[in-house]
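Reader: I'm new to this, and I keep tripping over the vocabulary. Could you show me the structure and let me ask how the words are earned?

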Amino acid sequence: MKKYLTAVVAVAAVATLAAPATATAETTATLATRTTVTATTAVAPEAKTTPVRAAFAPTPIRTVRPGERVDAGKGWTVWLTRQGKYWSGPDGFENFRSVVDGNIDRSRPGVSHQSEGDQNGVFHSGLYYGTRDAGRVELTDADGRKTAATLVALPGRSDWGVWYVHTGPSEGSPAVALYDRSGKLLADLPAWDF
């Protein structure tokens with residue numbers, strides 16, 4: 001053992017003597033610091049990490065004039081008046097959901113949901129209301145897939161607006177959630193089977 005220790009000391013001495021004569025104390029100190037940091041990092045226990053929540057991305061709200069027709073895709077159209085939400089499908093039949101008849105309570109946040117579809121897909125739409133800080137309406141299907149809806153409102157930052165989105169065919173009604181601009185849940189409707 002003494003023979004091996006002497007050999008290690010001799011190798012270290014040769015390495016020190018073989019170092020360039022221009023090496024400064026600063027370089028040596030830097031190398032020593034790097035070695036220490038590397039050694040410390042190598043033996044340090046694993047740091048605990050906290051999962052970072054993905055940044056919430058609010059949906060832009062499209063402002064439209066009263067009565068302005070919005071192409072919602074796949075033959076669907078939506079439009080808003082001061083009285084409420086209108087929509088029509090590929091068959092041309094028009095529907096209406098009032099915001100002034102007392103069926104919704106605009107004094108607190110809420111969301112409604114109407115849907116129509118077939119084996120090719122479903123058109124979902126509804127009202128969001130009771131807030132001037134709407135940020136997103138999101139549908140969650142039975143498999144946990146989330147789909148963000150398009151938001152439409154009248155000028156003047158009204159306390160209500162319309163949302164719509166297309167999804168594939170489904171065996172029930174998805175859950176619908178209304179979030180504010182910061183990502184806080186304001187209101188939701190649970191999923192249900194037909």
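Reader: What makes up the secondary structure of the protein, and what counts as a helix or a strand?

Author: The protein has 2 helices and 16 strands. The names come from DSSP runs, numbered from the N terminus: a helix is H or I over at least four residues, a strand is E over at least two. Keep in mind that this is a predicted model, where local features need pLDDT of at least 70, side-chain atom pairs count only at pLDDT 80 or more, and totals for chains, interfaces and linings use all residues. Residues are numbered from 1 along each chain as its sequence is written, and side-chain values use heavy atoms, with hydrogens and water left out.

Reader: Why is Lys-74 called exposed?

Author: Exposed means over 50% relative accessible area, buried means under 20%, and partly exposed is in between (1.4 Å probe, protein chains only). Lys-74 has 64% relative accessibility, so it counts as exposed. You'll find Lys-74 in the loop between β2 (70-73) and β3 (76-81). Its phi is near 55°, a positive value in a residue other than glycine.

Reader: And how much of the protein is buried?

Author: Of the 194 residues, 34% are buried. Strand β8 (residues 121-129) is a nice case: 9 of its 9 residues are buried.

Reader: Which way do the residues of β8 point?

Author: Gly-121, Phe-123, Ser-125, Leu-127 and Tyr-129 point one way, while Val-122, His-124, Gly-126 and Tyr-128 point the other way. That's the usual rule: in a regular strand, side chains alternate between the two faces of the sheet. Here both sets are buried.

Reader: How do you know that β8 pairs with β12?

Author: Two strands pair if DSSP finds at least two bridges between them. There are 8 bridges between β8 and β12 (residues 160-167), so by that definition they pair, and they run antiparallel. His-124, for instance, has Val-165 in β12 as its bridge partner.

Reader: Which bridges join β6 and β7 to β8?

Author: Strand β7 (residues 114-118) has 5 bridges to β8, running antiparallel, and Gln-114 stands opposite Ser-125. A hairpin through 2 residues joins β7 to β8. Strand β6 (residues 110-111) has 2 bridges to β8, so that pair meets the cut-off too. There, Val-111 stands opposite Tyr-128.

Reader: What makes β10 and β15 edge strands?

Author: They belong to an open sheet of 4 strands in the order β10-β9-β14-β15, with antiparallel pairing. β10 (146-148) and β15 (185-189) each have a single partner strand, so one side of each is left without a neighbour in the sheet. Inside that sheet, 6 bridges join β9 (residues 134-140) to β14 (residues 175-180), with Glu-138 opposite Ala-177.

Reader: Where else is there an open sheet of 4 strands?

Author: Another one has the order β2-β3-β4-β5, also with antiparallel pairing. Its edge strands are β2 and β5 (94-98), each pairing on one side only. β2 and β3 pair over 3 bridges, and Val-70 stands opposite Val-78 in β3.

Reader: Last one: what does the 53% for contacts tell me?

Author: A contact means heavy atoms within 4.5 Å. Take the contacts between residues at least 6 apart in sequence: 53% of these join residues at least 24 apart.
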